Amino acid sequence: MSTNLVIVESPAKAKTIENFLGKGFTVKSSIGHIRDMPKKDMGIDLDNNFQPTYIVSNDKKKVVAELRRLVKSADTVYLATDEDREGEAIAWHLLESLKLPSDTPRIVFNEITKQAITDAVASPRTVDLHLVDAQQARRIIDRLVGFEISPVLWRKISGARSAGRVQSPVVRLVVEREREITKHVPKCSFKVKAELVNNFEEIINVQLDKEFSTNFEASEFLDALIGAELTVSNIDEKPSKRSPKPPFITSTLQQEASQKLGFSVKQTMSIAQHLYRDGAITYMRTDSFNLSEIAIDEARTQIIEQFGLDYHNLRRYKTKNASAQEAHEAIRPTDLTKPNIFGLDEQSSKLYSLIYKRTLASQMSDAKLQKTKIYTNISNREESFVASGEVLLFPGFLGVYDYMSTDDKLLPKLSSGDRLELSSCSSRESFSRPKSRYSEASLVKQIEQMGIGRPSTFASMVTTVQDRNYISKETRDGRERKYKLLEIIDNKVVESVATENTGAEKNKLFPTNVAYMLNDFLVKNFNNIVDYEFTANLEMSFDKIATENVAWQSVVKDFYHPFHEQIELAKEISRDETHGKRILGDDTKTGKPVSVRFGRYGAFAQIGTQDDEEKPVFASLRSGQDIESITLEDALELFNMPRHIGETLDGQKVKANYGRFGPYIQYGNKYVSLKEHTPEEVTIEVALLLIEAKEKFDAERTIKTFEGSDIQVLNGRFGPYIWNGKKRGKGQKNITIKKFFGDKQPDDLTIEECKKAISGKIKAKASKRKKTKASNKS
């Protein structure tokens, strides 16, 4: 019997595919990429047309050895990595590493079903070198950017880790949006709302068709309204419809899962990956709205069976994105007869249901509605009241997706000329809003529209900037704001002042202090790296390599030479130009200048300069404060810390303060974190309770202390350890006892032994497991 070897990327797929193919087929996984450029150096020969050097990584040597062994005994080898460009590159690396012939069959499928797998095996192709070159060009340019720009950033900007080619424009988007919000000056206006009643005591909610710019104008209108006659002047009824959206592509799935399910972009892609590997949905990295004819037929059958013929409407969607890969298919269930799949966890079940409903809805009829507007004349004014209503006449696709019957806004039956009475009326001061901060989902939508990413990169672009501490996802409380309220009460206009909460944010993206400096440095010195159009054009160049046979070396060359010139110029920039310093004003007590800047341990405020006789005074900025928007008043408030709040029973002073790791209480040389109180408000009574709990906890975990030394032997999550007595950020060291002293009892350790372990004079003992492996090898 002939033997066939199929190589896939994921171990999770291997068993499923092997079961589909049956006897004569062995399916093994490469577990992702098997080789890459070396980690320690760039791995690109700049003098030889950017030729890369690839090596098999240490953790993949066993995998490659096993695959080579299997290749020798196989009659046919099939490369079945994912169907995107990265998958094509993995297939090529397998071809090269396993020394396979160039005509080795390459099979692709966008769903893990028996039919799809057997069809793929029946119609293989060879590795598409144009797709490989496109991915290789992307990888080489990203490598060049990372290796050349990162050392510059490390020297020039404290806290900067690196600057990725596609992540940097993402940082710029968030920074620019935050600056727009900071500069926004709210403009006030007064909206008028009222409740009118007809002869049958039915209430009609209306809004005035004009907003007033001042309190006086609004008050004048309400005065006039008290004695006015209200008459229905016109009723406008229009048919309306809503059409279903196309089935999901990568970006729209990420956006909808965020809005409807509260999933992060990374979480959505992780769950979708598992659903794909389990054969539940088609491939999840796609920018095509296509549905296969089989899927369209299945959807038609399900819609007619569940809802009736009137609910079905055949639709074939085309993407407007010129770079979309139409050979792919939209994200859909592999079996539309299954609205639910037994055995999925809760989150997977929710995402699958969302994909199922969206797919089915995409092949359904429009929803038919009737929109009504009722205009009411005010006898002594030119303005009119308007009531808006909407009635669902035929649900169509809304019967499956995105509809709540409570959304109907029904209006009473009225006719032109009907008299209405005023039941209540108010005019409330409202304020213009800046643009919204980005959520992960809205950021993905923006980068897709701008063309600066592709389906395979959206999630990594958004998560990498957070991992590098350039962007933080935060939920922030709002602040109280006063507004004026005018009401008609007992035929009089009554004015009052009320309060509202404004500026609250949930899971929105904020730039960190490092992000501002990084962005400004890149915009000034590497404008092409953060330029949106340049980034989008480079993505299009990769597309041309894949589809138009453009040489990848020419794309890399056109990018690299001007970029390298910018690198050389940036090396000459003084570090003083990159610390983000802002002068806020003068200290009211000393008259010295107050500034904020970014340093080695984060953003801080400073009173005075290095040239003063007295040393400058420093205070760290608190969570939620940034060097861009902090005011002089807020900066001076930082210097009111630490706050002395009393003494412990044994006479130690107790202070409250903010630190690098948050607010805390200090007594002697010990610290307690504050979680439910701020340093400004915490009382001595609360502080003493926290100190008592801390002392009790320390006593329970303390194994041994040494007189005259801060060194202690403690119990921890992973067993007993030696602590050198210093805090995080101030030279803290923890030494695992078992690692250095084997089975020795922790309470038998001497101070000399502890000091030697801390100073590194005692070497860690080899574990029994390592010794066993070593003896086996010998």
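**Exercise 1. Cysteines**

In this predicted model, the sulfur of cysteine 188 has its closest cysteine sulfur in cysteine 425, 18 Å away. Work out what this distance says about a bond between the two, and find how many disulfides the count comes to.

*Solution.* Begin with the chemistry: a disulfide is a covalent bond between the sulfur atoms of two cysteines. The cut-off needed here is that the two sulfur atoms lie within 2.5 Å. Cysteine 188 cannot be assigned a bond to cysteine 425, because a separation of 18 Å between the sulfurs is too far. By this rule, the count for the model comes to zero disulfides.

As a further step, ask how cysteine 188 and cysteine 754 are placed with respect to the surface, buried or exposed or in between. Cysteine 188 has a relative accessible area of 34% and is therefore classed as partly exposed, whereas cysteine 754, with a relative accessible area of 0%, is buried.

**Exercise 2. Arginine 85**

Determine in which helix arginine 85 lies, and whether its relative accessible area makes it buried or exposed.

*Solution.* Arginine 85 lies in helix H3, which covers residues 85-97. The cut-off for a buried residue is under 20% relative accessible area, and arginine 85 is buried because its value is 11%. To place this residue against another part of the sequence, take aspartate 128, which is 43 residues from arginine 85 in sequence and 9.3 Å from it in space, C-alpha to C-alpha.

**Exercise 3. Helices H8 and H9**

Describe how helix H8 (residues 250-261) and helix H9 (residues 265-277) cross, and which residues make the contact.

*Solution.* Two packed helices are described by the angle between their axes and the distance between the axes. For H8 and H9, the axes come within 9 Å and cross at roughly 115°, and the crossing in which H8 passes H9 is right-handed. On the H8 side the contact is made by Thr250, Leu253, Gln254 and Ala257, and on the H9 side by Val265, Thr268, Met269 and Ala272. Sorted by character, these contact residues comprise five nonpolar, three polar and no charged.

**Exercise 4. A four-stranded sheet**

Give the strand order of the open sheet that contains S22 and S25, and identify the bridge partner of isoleucine 665 in S25.

*Solution.* The order of the four strands is S22-S23-S24-S25, with antiparallel pairing. Strand S22 (643-647) and strand S25 (670-673) are the edge strands, each pairing on one side only. Neighbouring strands of this sheet are turned by 30° against each other on average, direction ignored. Strand S24 (residues 662-667) pairs with S25 in the antiparallel sense over four bridges, and the partner of isoleucine 665 in S25 is valine 672.

Notes:
Residues numbered from 1 in each chain as written. Predicted model: local features only at pLDDT ≥ 70, side-chain atom pairs only at ≥ 80, totals over all residues. Heavy atoms only, no water. Pairing = 2+ DSSP bridges. Helix = DSSP H or I, 4+ residues; strand = E, 2+ residues; numbered from the N terminus. Axes fitted to C-alpha atoms, helices over the stretch in contact; angles between N-to-C directions. Buried < 20%, exposed > 50% of the residue type's maximum accessible area, 1.4 Å probe, protein only. Left-handed = near helix turned anticlockwise from the far one by under 90°. Contact = heavy atoms within 4.5 Å. Nonpolar A, V, L, I, M, F, W, Y, C, P; charged D, E, K, R; others polar.
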